[in-house]
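Biologist: Could you take a close look at the salt bridges in this one for me? I'd like to hear which side chains pair up and how covered they are, with some of the surroundings thrown in.

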Amino acid sequence: MLQGLTFNTADEIEAAFRAGAISGPEYQNQLARVRAGIKQYEEQYPGRAFTGELVGGLVPTAAALIAAPFTGGATGPAAVAGATRTAAALPGLGTNILRGMGYGAASGAAAGAGGAEGGLGNRALGATIGGGAGLVFGGAAPAVTSAVGTGGRKALEATGLLQPVDAATKAQELIAKKLAQEGISPQELAMRQANIVKTLGARDETLADIGGESMRRLARGSMAIPNAAQTDVRQMLTERAVGTGPRITRDITELTAIGERDINEVANEIIQRRALQAEPLYKQALSFGQVNSFAIDNLLKKSKDIQNALSDARRLPQYIDLPDNDMILLDKAYKYVGDMANEARKSGKGSRASDLDNLRVSLLNAISDKDTGVPVYREAVKVFADESLLKDALEMGSKNFLKKTPSAISKELQKFPGDAEREMYRLGAVQSLRDEIYGMRETANIADKFLNNREMRDRMKTIFNSTGEYEAFVKNLERERQMAVTRSRIEGGSPTAPIQQDIAELQGPSPSEVIQAGTQMVRGDLIGGGMSMMRQLAPRLQGMNENVAESISRSVLDPSFAQQQQFLMSLTPVMDELRKRAMQQQVRAAGTSTTAGQLVPGLLD
């Protein structure tokens with residue numbers, strides 16, 4: 001029995017105690033006597049010898065089974081564990097198989113080396129054979145014991161000797177495992193979602209949208225199994241998709257402070273507000289009288305466009321006697337040049353429009369020069385331009401906005417001398433976006449159109465008044481995209497093969513697949529058999545019926561934020577229990593793998 005317990009080294013340990021040394025002639029003499037006694041006993045009582053060694057080899061398994069109920073720790077620490085710790089505490093069967101291969105190889109190598117007699121070469125050969133065999137049997141042990149344990153549990157449930165897990169509890173366990181795969185605890189997910197809702201407002205998001213791809217696959221698997229929740233969930237997904245356009249439009253209008261109003265109404269409001277703000281500034285500037293400066297005289301003398309503007313203004317009696325450099329006439333000339341630039345732009349005369357824009361900027365700089373001009377005039381223009389110029393800016397912003405490059409948009413905005421014209425341009429761009437969204441299919445993935453294209457994102461950035469507004473808009477777009485992805489996973493395309501895989505992960509492989517993979521490994525195909533074993537058993541042996549599917553569907557596809565928060569909080573004790581169970585499973589797997597690793601060296605010995 002000690003031979004089995006000490007990996008076939010009890011004879012050497014006994015000889016060392018008898019000789020008082022671990023080498024030398026006396027040690028060799030004692031070792032020969034001990035081994036002769038063991039061989040004599042094996043020959044005289046072969047059954048007892050084999051049984052004793054087998055019992056000794058089973059001690060690691062027995063110790064693991066005894067220790068397992070006391071492992072796992074209290075639930076308190078798990079309640080505050082971080083995402084990484086939570087995920088690490090829930091290893092899949094594939095992880096236990098890999099660990100079992102390590103335990104088995106180590107115990108097999110130790111037993112093989114300990115059972116070999118002779119020099120270092122013989123022991124190295126024994127360790128190699130034992131380690132290779134232990135690798136196979138140690139890796140297979142967790143899979144076989146898990147399959148046997150699952151089969152036994154199902155048999156006991158079928159006979160009524162064991163109470164089966166109810167659908168709600170099973171659903172909670174599956175959801176908790178998916179959160180663990182994503183590396184996040186229920187508390188952390190609940191807190192993250194609460195912060196998002198507080199900052200950006202509520203959305204009809206579900207746990208499948210916010211819980212990562214593992215949670216989304218769980219939802220797809222549950223919806224692939226006929227259950228009572230399917231009709232309600234599919235209706236919710238459709239209604240949510242139809243509401244995407246209005247929600248994105250609302251984000252644009254609210255974040256740009258336009259609100260859900262008619263664009264022309266907002267434009268008139270801006271014009272009136274800007275006119276009232278600029279009125280005292282214009283009054284002060286126009287009362288200045290004549291502006292005497294070389295820059296003004298030069299423009300008046302050389303620019304035919306400005307001369308035409310002055311002639312046009314003098315058609316009115318109140319302006320006929322004013323000198324050319326009077327502020328009233330200069331203001332008329334400035335606005336007249338602006339009108340001409342916009343008319344040229346509308347007519348497709350881009351070069352002419354650009355020249356007039358430059359002329360207007362030069363005239364503004366000359367009029368508002370801080371040393372020789374009227375600086376307050378620049379302030380007045382910045383607050384409010386002529387109403388016709390503002391309407392033109394509105395039209396320019398709405399015309400082909402989504403076809404312009406971001407650099408072209410920036411250039412157009414830079415040409416406006418005042419904030420009023422820029423505000424009207426952005427208002428026109430908002431109208432263009434509204435029209436585009438209204439023209440898209442009701443259930444289209446609108447968020448992708450604005451997020452997947454860098455040029456589109458840069459173009460969108462120009463219509464917001466601040467970086468914060470734009471970032472908030474993008475975050476809400478990303479939320480909409482995640483909702484669209486969830487719907488496409490469940491309803492879109494031809495997902496037969498992926499859905500079958502999802503269901504297989506939920507229901508688990510049959511015992512015959514486990515045995516077949518084990519046979520493949522025993523025959524010598526260690527890599528192929530091991531990969532097959534891990535591929536079949538990694539998702540864990542777990543079943544799902546229509547009741548569990550319904551519970552999962554209603555839990556992970558519920559758009560109510562309050563219900564999500566409540567449900568996530570209820571997952572904390574479930575996660576704690578899974579963590580404890582996983583730790584116990586690891587202990588048991590380590591014991592069985594260590595024992596299994598010694599099996600072949602013991603039989604060979």
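Modeller: Here is a walk through the salt bridges, with the overall fold first and a few helices afterwards. Keep in mind that this is a predicted model.

The protein chain has 32 helices and zero strands. Of its 605 residues, 46% are buried. The accessible surface is about 29600 Å², and carbon and sulfur atoms account for 55% of that. If you take the contacts between residues at least 6 apart in sequence, 78% of them join residues at least 24 apart.

Now to the charged pairs. Side chains of opposite charge can pair when their charged atoms come close. With a cut-off of 4 Å between a side-chain nitrogen of Lys or Arg and a carboxyl oxygen of Asp or Glu, the count comes to 26 salt bridges. Let me take you through some of them.

Start with Glu 213 and Arg 216, whose side chains meet at 3.1 Å, N to O. Both sit in helix α12 (residues 213-224), and because they are three residues apart there, about one helical turn separates them. That fits the general pattern: an α-helix has 3.6 residues a turn, so residues three or four places apart point the same way. The two partners differ in cover, though. Glu 213 has 31% relative accessibility, so it counts as partly exposed, whereas Arg 216, at 4%, counts as buried.

Arg 315 and Asp 312 make another salt bridge, also listed at 3.1 Å from N to O. Here Arg 315 is exposed, with 68% relative accessibility, and Asp 312 is partly exposed at 30%.

Then there's Asp 357 with Arg 345, where the closest N and O atoms are 2.3 Å apart. This pair links distant parts of the chain: Asp 357 belongs to helix α19 (residues 350-367) and Arg 345 to helix α18 (residues 327-346), with the two 12 residues apart. At 5% relative accessibility, Asp 357 is buried; Arg 345 has a relative accessible area of 24% and is therefore partly exposed.

Some charged residues go beyond simple pairs. Arg 203, Arg 247, Asp 251 and Glu 480 are linked in a network of salt bridges.

As for the surroundings, helix α23 (residues 419-438) is a good one to check by its length. At 1.5 Å a residue, its 20 residues should span 28 Å, and the end C-alpha atoms are 29 Å apart, which agrees. Its buried residues include the charged Glu 421 and Arg 434, along with Met 424, Tyr 425, Leu 427, Leu 433 and Ile 437.

Helix α30 (residues 546-556) has Val 548, Ala 549, Ile 552, Ser 553, Ser 555 and Val 556 buried. At its start, a side-chain oxygen of Asn 545 comes to within 3.0 Å of the backbone nitrogen of Asn 547.

One last spot is Ala 36, in helix α3 (residues 25-44). Its relative accessible area is 42%, so Ala 36 is partly exposed. Asp 11 is 25 residues away from Ala 36 in sequence, and their C-alpha atoms are 9.9 Å apart in space.

Technical notes: Residues numbered from 1 in each chain as written. Predicted model: local features only at pLDDT ≥ 70, side-chain atom pairs only at ≥ 80, totals over all residues. Heavy atoms only, no water. Buried < 20%, exposed > 50% of the residue type's maximum accessible area, 1.4 Å probe, protein only. Helix = DSSP H or I, 4+ residues; strand = E, 2+ residues; numbered from the N terminus. Polar contact = N/O pair within 3.5 Å; in protein donor to acceptor, adjacent residues only side chain to side chain. Expected span 1.5 Å × (residues − 1). Contact = heavy atoms within 4.5 Å. Areas by Shrake-Rupley, 256 points an atom, 1.4 Å probe, with all protein chains shown as cover.
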